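Good morning, colleagues. I should like to take a few minutes to walk through the fold of one protein, element by element. Please have the structure open as I speak.

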Amino acid sequence: MIYLDHAAATPVDRRVLEAMEPYFVSDFFNPSAAYLPAKKVAAEYETAKGTIAHAIGAKASDLVMTAGATEANNLAFSALRNGAESASQSLARPSSHHRHPSVLYLETEHDSVRRTAQAYGGEAIRVQSNGVVDLEDLKSKITDDTELISIALVNNELGVIQPLAEISSFLREIKLRRMQKGIRKQLLLHSDASQGLNLLEINVARLGVDLLTLNAAKVYGPKGVGALYVSHEVRLSPLTVGGGQENGLRSGTENVPGVIGFAKAVELAREHLNGNRKKYAEWRRILLSELSDYELINKKHVLDNFVVICYNGIDAERLIYLLEERGVYVATGAACAASKGIRSHVLAAIGLTEAQIAGSLRITLGETNDEEHLRKAAHIINEVVKDERERIVRRSHKLRNEK
Ligand code: PLP
């Protein structure tokens with residue numbers, strides 16, 4: 001098997017699994033319990049949170065641990081709620097009954113941001129044809145009512161990196177102007193960094209974000225484990241109430257093994273950050289030079305492990321199936337949308353035609369690969385595409401002859 005879909009899922013690193021194991025079996029105590037072994041587990045849990053927080057220039061107390069990035073993204077939007085209403089409650093009623101003109105989100109966001117923002121009546125910010133935020137569009141849509149702007153650090157279908165520091169710097173200017181005008185409304189920047197933690201240096205202060213989503217499942221950690229960084233000034237409303245864990249923002253017994261595993265995964269990613277970036281840049285170059293007859297979709301401002309290519313006139317869904325038969329696993333877009341046969345809103349947003357969208361493959365490189373893999377995969381993809389092109393030509397000849 002040659003697995004080329006690391007943006008959808010990464011395998012848990014063996015060292016991560018080893019770090020987690022004791023917390024399932026021997027150190028299984030509930031961190032809230034009063035006896036000493038439980039207190040030790042509680043301390044180790046805090047240390048793990050500290051490791052994750054440190055990697056983004058924050059402190060353990062700034063993080064709310066969640067069951068993945070979807071939950072963290074949903075929680076981030078509770079900054080708008082003023083203590084009252086959940087996104088699901090908002091979803092239950094048509095948004096025309098509400099006046100929530102205060103949310104902006106990038107049109108290429110993952111559904112866990114996009115659908116939540118839409119539930120709050122959010123307005124989409126356009127991207128340019130390279131997938132990077134259209135700053136003029138963003139600036140024109142910010143009003144004195146705008147409270148929250150959500151822009152992912154790295155897009156999960158294209159790997160495009162957004163200029164968050166630039167955005168937060170002009171948001172600071174807007175906040176200053178608001179202060180001068182006596183407007184006290186918050187103006188928060190949230191970023192879903194699910195796809196960025198693996199290969200990018202992330203520092204919340206340098207990025208200027210108020211809220212940041214992290215995801216263990218994309219960094220060779222366990223699935224169903226994530227975190228939301230929350231800056232001191234931001235007030236959130238919990239999605240769950242109960243035992244008051246995570247400073248009352250996420251009640252429920254802590255996922256100790258999951259968070260310990262997340263910390264180990266983050267540590268490993270940090271350790272190999274520079275080496276991995278160089279490695280993926282080289283692998284991307286090799287793959288693109290070995291592949292033939294394609295159009296490269298994500299050219300600039302991209303994370304090097306993302307390769308999005310288009311085979312015009314070919315049905316990529318069919319390619320995926322044919323490639324799977326040859327042991328190569330790739331994607332057409334976000335795994336959740338692909339499984340429901342939904343056309344990619346991301347590829348549509350960058351202006352691709354229907355034919356280009358239908359013919360696009362997302363290849364995401366990762367630690368299960370090596371150079372040999374990539375050459376072999378490229379060879380198989382070339383063969384499958386060539387066969388498919390020939391089949392299409394034969395079919396159209398046959399149809400013409402039948403007429
Ligand atoms: N945000 C982005 C950018 C993602 O790539 C994903 C994962 O597919 C998610 C959010 C959702 O993560 P999870 O399924 O772990 O909640």
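**Sheets and helix packing**

Val-308 stands opposite Arg-362 in β12. I begin with this pair, and I should say at once that the model is a predicted one. Val-308 and Arg-362 belong to a pairing in which strand β10, residues 306–310, and strand β12 run antiparallel and are joined by five bridges. Helix α10 packs on the sheet there, where it touches β9, β10 and β12, and its direction makes about 15 degrees with that of β10.

What is the order of strands in this sheet? Three strands form an open sheet, in the order β9-β10-β12, and the pairing is antiparallel. Its edge strands are β9, residues 295–296, and β12, residues 360–364, each of which pairs on one side only.

Let me now place this sheet within the protein. The protein has 15 helices and twelve strands. Its radius of gyration is 23 Å, close to the 22 Å that the globule rule gives for 403 residues, so the protein is as compact as a globular protein of that length. Along the principal axes, the C-alpha atoms fill a box of roughly 75 × 55 × 40 Å.

I turn to the other sheet on my list. Seven strands form an open sheet in the order β2-β8-β7-β6-β5-β3-β4, and the pairing is mixed. At the edges are β2, residues 63–66, and β4, residues 123–125, and each of these pairs on one side only. On average, and with direction ignored, neighbouring strands of this sheet are turned by 20 degrees against each other.

Within the seven-stranded sheet, please find strand β5, residues 148–150, and strand β6, residues 188–192: these two pair in the parallel sense over three bridges. Ile-149 stands opposite Leu-189 in β6. Helix α7, residues 164–181, packs on the sheet and touches β5 and β6, with its direction at about 170 degrees to that of β6. Helix α2, residues 36–55, lies across β2 and β7, the latter being residues 211–215, and α2 runs at about 110 degrees to β2.

I come next to helices that pack against helices. Two packed helices are described by the angle between their axes and the distance between the axes.

Which residues make the contact between α1 and α9? Before the answer, the geometry: the axes of helix α1, residues 14–25, and helix α9, residues 256–271, come within 8 Å and cross at roughly 155 degrees. An angle over 145 degrees counts as roughly antiparallel, and α1 is therefore roughly antiparallel to α9. The crossing of α1 past α9 is right-handed. From α1, the contact is made by Arg-15, Val-16, Ala-19, Met-20, Tyr-23 and Phe-24; α9 supplies Val-256, Pro-257, Gly-258, Ile-260, Gly-261, Lys-264, Ala-265 and Leu-268. By class, this contact has ten nonpolar, two polar and two charged residues.

The remaining two packings both involve helix α15, residues 371–402. Consider α10, which we met on the three-stranded sheet. The axes of α10, residues 273–290, and α15 come within 9 Å and cross at roughly 25 degrees. Angles under 35 degrees count as roughly parallel, so α10 is roughly parallel to α15. α10 passes α15 in a right-handed crossing. The contact is made by Trp-283, Ile-286, Leu-287 and Glu-290 of α10, together with Glu-371, Leu-374, Arg-375, Ala-378 and Asn-382 of α15. It has five nonpolar residues, one polar and three charged.

How does helix α11 lie against α15? Helix α11, residues 316–325, packs with α15 at an angle of about 125 degrees, and their axes are 10 Å apart. The two helices are therefore oblique to each other. Their crossing is right-handed. In α11, Arg-318, Leu-319, Leu-322 and Leu-323 meet Ile-380, Ile-381, Val-384, Val-385, Glu-388 and Arg-391 in α15. By class, the contact of α11 with α15 has seven nonpolar, no polar and three charged residues.

To close, I return to α10: this helix packs on the sheet of β9, β10 and β12, and α10 also makes a contact with α15. Thank you for your attention.

Terms used:
Residues are numbered from 1 along each chain as its sequence is written. This is a predicted model: local features need pLDDT of at least 70, side-chain atom pairs count only at pLDDT 80 or more; totals for chains, interfaces and linings use all residues. Side-chain values use heavy atoms; hydrogens and water are left out. Axes are lines fitted to C-alpha atoms, for helices over the stretch in contact, and angles run from 0 to 180 degrees between N-to-C directions. Helices (H or I, at least four residues) and strands (E, at least two) are DSSP runs, numbered from the N terminus. Angles under 35 degrees count as roughly parallel, over 145 as roughly antiparallel, 65 to 115 as roughly perpendicular and the rest as oblique. A crossing is left-handed if the near helix is turned anticlockwise from the far one by less than a right angle, and right-handed if clockwise. Contact means heavy atoms within 4.5 Å. Ala, Val, Leu, Ile, Met, Phe, Trp, Tyr, Cys and Pro count as nonpolar, Asp, Glu, Lys and Arg as charged, and the others, Gly among them, as polar. Two strands pair if DSSP finds at least two bridges between them. The radius of gyration is taken over C-alpha atoms; the globule rule is 2.2 Å times the number of residues to the power 0.38.
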